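Me: I would like to go through this protein one point at a time, with the reasoning spelled out before each answer. Please take my questions in the order in which I ask them.

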Amino acid sequence: MSKANARVVVLTSFLPNFQLLASWAERHGHQIPLVVTPPGGSGHYGGGELSAGLGKGVSLLVTGKLRTVAAPLIAALAPDLVISAAFPRLIPSEILTIPTYGAVNLHPSVLPAGRGPNPLRLLYEGAETIGATLHRTEAEFDTGAVLSQRERPLPERLSGPSVLNSWSDMFAEVIEEGTARALAGEPGLVQDSTRASYMPPFSDEERVLDFTEPAATISRKVAALNVLVPRALTRLPGCEGTVLHVEVLPSTGRSAGTVVAAHPDGCTVQTADLAVRVTVERGSSRG
C-alpha cells in the first residue's frame, strides 16, 4: 500500500510538467514544498516561467549547484520522494540518497530505447509510436528500474502539438501508476541494457528539410522538430524560413524538390511522392 500525504521535491525546468505533478499531488493529498530548476532557459523553460506558475506554499530554488546548494536544502525538508521531469542535469548521489522512497524520473520514451536528451529523435528517424516512462533515478541518465510505461501510435493528425498532447496524457498515467509503486517501496523492473539506444540533440543540418524525401517522412520530421517551438527549416529558394506546418497534397507530377507554387505564407513543393503545402515564418531560423 502506497504512502499518503507524501512530501515531494520536484526538479524540473518545464512548467507544464510541474503542473502535471502539482495536479497529481493535489489529488492524493501530497505536498510539494520545493521546486529546483537550473539557471537559464527561455520560452516554456526556466525559472521565470516556473515562478509565475507555482502555487502558494511552493518555493523555487534556481541553482546549478546541486551538491552544495540544492542537496542541503532538500535534506532539510526530509522528503518522501524526489521527482525529476525535464531536468537537464545529472542528479548527484547527495540528492538521490535523501528521500525515504527514492528518486524517480519522467522520460518521454519507452526505455531503454531513447535514452538521452532528445527522445524526439526516435520519431524523427521513423518510429511509429511514442511513449513515456517513470523510472528510478540512478547515477547515469535514464538507466534506472522502470516503474511504469505507456506506448501509443502516433497521432492521426501528426504535428508537434499533437505529439505533445499525446505525451501529456501518457505522462499523467505513468506518474499516477509509477509513483504509487515507488511510494509502496516497489523496486521496479531492471532495464535490458542490450536494447538501449541513446538519442543526442538535433544538429543544425538535421533541422533543414530535404524535400526530395517522401511526404510522410517530411511530415514526421516537422512534427519531431516542432513539439515545443517550430525549429524545422526550409532553404528552398523564395520559401526560406522556419517551417510552421506542412499539409500533404496530391502529387503534381513534377520533379522532387520543385517549388510548384508560391504563397504569401510559404509554398507548395513536390516531394518524392506527393506534394506538400509548407507554411513558413519567413526569414526566421529559431534556435
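Me: Is Gln 270 buried or exposed, and what is its relative accessible area?
Reply: In this predicted model, Gln 270 is found in strand E11. Buried means under 20% relative accessible area, and Gln 270 meets that cut-off, so the residue counts as buried, with a relative accessible area of 2%.

Me: Which residue has its C-alpha atom separated by 7.9 Å from that of Gln 270?
Reply: Leaving aside residues up to four places away in sequence, Gln 270 touches a set of residues that includes Phe 211, Ser 251, Arg 254, Val 260 and Ala 275. The C-alpha separation of 7.9 Å is to a residue 58 places apart from Gln 270 along the chain, namely Thr 212.

Me: Which cysteine is joined to Cys 267 by a disulfide?
Reply: A search of the whole structure finds one disulfide, and its S to S distance is 2.2 Å. Cys 267 sits in strand E11, while its partner, 28 residues apart, lies in the loop between strand E8 (233-234) and strand E9 (241-249), so that the pair links distant parts of the chain. Both cysteines are buried, and the partner of Cys 267 is Cys 239.

Me: What is the handedness of the disulfide between Cys 239 and Cys 267?
Reply: The handedness can be read from the torsion about the S-S bond of Cys 239 and Cys 267, which is about -90°. Because of that torsion, the disulfide is left-handed.

Me: How many of the eleven residues of helix H7 are buried?
Reply: Helix H7 covers residues 215-225 and is largely enclosed by the rest of the structure. Its buried residues, among them Ile 218, Arg 220, Lys 221, Val 222 and Leu 225, pack against helix H5 (120-124), helix H6 (160-183), E9 and strand E12 (275-282). The number of buried residues in H7 is ten.

Me: Which residue is joined to Leu 111 by a cis peptide bond?
Reply: The bond has an omega of about 15°. The partner of Leu 111 is placed in the loop between strand E5 (103-107) and H5, and this partner is Pro 112.

Me: Is Asp 142, with its positive phi, buried or exposed?
Reply: Asp 142 has a phi of about 65° although it is not a glycine, and it lies in the loop between strand E6 (129-136) and strand E7 (146-153). With a relative accessible area of 7%, Asp 142 is buried.

Me: What is the relative accessible area of Ala 86?
Reply: Ala 86 is a residue other than glycine with a positive phi, near 55°, and its place is in the loop between strand E4 (81-85) and helix H4 (93-96). Ala 86 is classed as partly exposed, with a relative accessible area of 28%.

Me: What is the radius of gyration of the protein, which has seven helices and twelve strands?
Reply: The globule rule gives 19 Å for 287 residues, and the value for the protein is close to this, so the protein is as compact as a globular protein of that length. The C-alpha atoms fill a box of roughly 65 × 35 × 30 Å along the principal axes, and the radius of gyration is 21 Å.

Methods: Residues numbered from 1 in each chain as written. Predicted model: local features only at pLDDT ≥ 70, side-chain atom pairs only at ≥ 80, totals over all residues. Heavy atoms only, no water. Rg over C-alpha atoms; globule rule 2.2 N^0.38 Å. Disulfide = S-S within 2.5 Å. Helix = DSSP H or I, 4+ residues; strand = E, 2+ residues; numbered from the N terminus. Buried < 20%, exposed > 50% of the residue type's maximum accessible area, 1.4 Å probe, protein only. Contact = heavy atoms within 4.5 Å.
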